[in-house]
Amino acid sequence: MKKKTIGVAVLILGTGAALAAAAIPAAPITPSAEPVAGIIRQAEAYAQADPVAEKGMQEVVRRCMAKAGFDYTPPMWDKPLDLNGVIGFKRLTIEAAKATGYASTGPQGPREPAPESQVGQLFADPAFNTALAGTSGSTNITTVQGMGATSGGCRGEAMTRIYGGAENYMLATGLASNSLFLATNSASGDPGIATAIKDWKACMNETPYSSYANPQQAADAGKVAGGQEEFRIAVTDAVCRDKTGFHAALDKVLDKYLTTRMQQLAPEIERVKEIRRSAAANAAALGGPTPK
């Protein structure tokens, strides 16, 4: 009898393989003297995997796992990357604060399932893990630029069929995203960030929530408070972010460092674009789910 689930894979990135990140080098990025306004949007798009290719990965894994006796569909993760969040301040709009408090700033993406959950129990099954990722051992690990990925089993089959191999998959997904962290790490120490926080703080000083030193403190307090108090803190916080142009100021700082970093990455970006184009074409040729 087939075991059925549609859930999350342990430490999975997108629909592919579990990745183990290497430490990010400490070498700082120099801010550009001529930053490209809005390049943060290009950078965030570059950090995202191609959605068509990822759908193809999902479908190959599903079909492969079905052959192994498991009715399993890996999760898709298509939320846009928020580089404001990477430096510690996830975006928060007034509309989102009114609708869900701080829910939009919480942890997002596939995470390890609870052991007692249906998905957790499935991942505790050695036969399932072997089918999904191959037998344990170094022969099923591919390492590129200090990052390792499980590349055996159905995951490995999907990487090969859609991306042409584990190395291409890693370059076009996790490594593309990680390549921006040198810029965000450098930007986090820019005086412009401190100025943006100072302006936000001055706005909050005129509200009942003057004790919070920065938006992260406000968000943490709101989540702890919960209920209507969370909504009151979140809306007040979001109004001050809007009034002071908090996220626009962070974007402007990030543009300086991302301009430099994207120029450094130019050859790699072209390679990644080509890998993604090919992967998307392979996924499109695959077709949709097969009838059950």
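**Entry 1: P28**

I looked up P28 and found its place in the loop between β2 (19-20) and α1 (39-46). The model I am reading is a predicted one. Is P28 buried or exposed? I noted a relative accessibility of 67% for P28, and because exposed means over 50%, P28 counts as exposed. I then looked for a residue far from P28 along the chain. A183 is 155 residues away from P28 in sequence, and the two C-alpha atoms are separated by 7.6 Å.

**Entry 2: The protein as a whole**

I next recorded some totals. The protein has 15 helices and five strands. It comprises 292 residues, of which 49% are buried. I also looked at contacts between residues with a separation of 6 or more, and 77% of these join residues 24 or more positions apart.

**Entry 3: T100**

I located T100 in helix α4, which covers residues 94-100. Its relative accessibility is 36%, so I entered T100 as partly exposed. Which residues does T100 contact, leaving aside its neighbours within four places in sequence? I found E230 and F231. I also checked T100 against V235, which is 135 residues away along the chain; their C-alpha atoms are separated by 9.9 Å.

**Entry 4: Helix α6 against helix α7**

I turned to the packing of α6 (residues 126-133) with α7 (residues 153-163). I noted an angle of about 15° between these helices and a distance of 2 Å between their axes. Angles under 35 degrees count as roughly parallel, and α6 and α7 are therefore roughly parallel to each other. On the α6 side, the contact is made by T130, A131, L132 and A133. On the α7 side, I listed G153, C154 and R155. Sorted by class, this contact of α6 with α7 has four nonpolar residues, two polar residues and one charged residue.

**Entry 5: Helix α7 against helix α15**

I then examined α7 together with α15, the helix of residues 266-286. How do α7 and α15 stand to each other, roughly parallel or roughly perpendicular? They pack at an angle of about 105°, and their axes are 7 Å apart. Angles of 65 to 115 degrees count as roughly perpendicular, and I therefore recorded α7 and α15 as roughly perpendicular to each other. From α7, the residues R161, I162 and Y163 take part in the contact. They meet I275, S278, A279, N282, A283 and L286 of α15. By class, I noted six nonpolar residues, two polar residues and one charged residue in the contact of α7 with α15.

**Entry 6: Burial within α7**

I asked which residues are buried in α7. My list for α7 reads C154, R155, G156, A158, M159, I162 and Y163. Among them, C154 and R155 also appear in the contact with α6, while I162 and Y163 appear in the contact with α15.

**Entry 7: G164, just after α7**

I followed the chain to G164, which lies in the loop between α7 and α8. What is notable in the backbone is that G164, just after α7, takes a positive phi of about 90°. At 55% relative accessibility, G164 counts as exposed. I compared G164 with S278, a residue 114 positions away in sequence, and found a C-alpha to C-alpha distance of 8.6 Å. S278 is one of the α15 residues met by α7.

**Entry 8: A166**

I found A166 in helix α8, residues 166-172. Is A166 buried or exposed? Its relative accessibility is 12%, and because buried means under 20%, A166 counts as buried. Leaving aside neighbours within four places in sequence, A166 is in contact with T142, S151 and M159. M159 is among the buried residues of α7. R155 stands 11 residues from A166 along the chain, and I noted 9.1 Å between their C-alpha atoms.

**Entry 9: Helix α14**

My last item was α14, a helix of 19 residues covering 246-264. From its first C-alpha to its last, α14 reaches 28 Å, close to the 27 Å expected at 1.5 Å a residue. I also recorded a kink of about 30° in α14, with its centre on Y257.

Note on methods: Residues are numbered from 1 along each chain as its sequence is written. This is a predicted model: local features need pLDDT of at least 70, side-chain atom pairs count only at pLDDT 80 or more; totals for chains, interfaces and linings use all residues. Side-chain values use heavy atoms; hydrogens and water are left out. Axes are lines fitted to C-alpha atoms, for helices over the stretch in contact, and angles run from 0 to 180 degrees between N-to-C directions. Helices (H or I, at least four residues) and strands (E, at least two) are DSSP runs, numbered from the N terminus. Angles under 35 degrees count as roughly parallel, over 145 as roughly antiparallel, 65 to 115 as roughly perpendicular and the rest as oblique. Contact means heavy atoms within 4.5 Å. Ala, Val, Leu, Ile, Met, Phe, Trp, Tyr, Cys and Pro count as nonpolar, Asp, Glu, Lys and Arg as charged, and the others, Gly among them, as polar. The expected span of a helix is 1.5 Å times one less than its number of residues. The bend at a residue is the angle between axes fitted to the seven residues ending there and the seven starting there. Buried means under 20% relative accessible area, exposed over 50%, partly exposed in between (1.4 Å probe, protein chains only).
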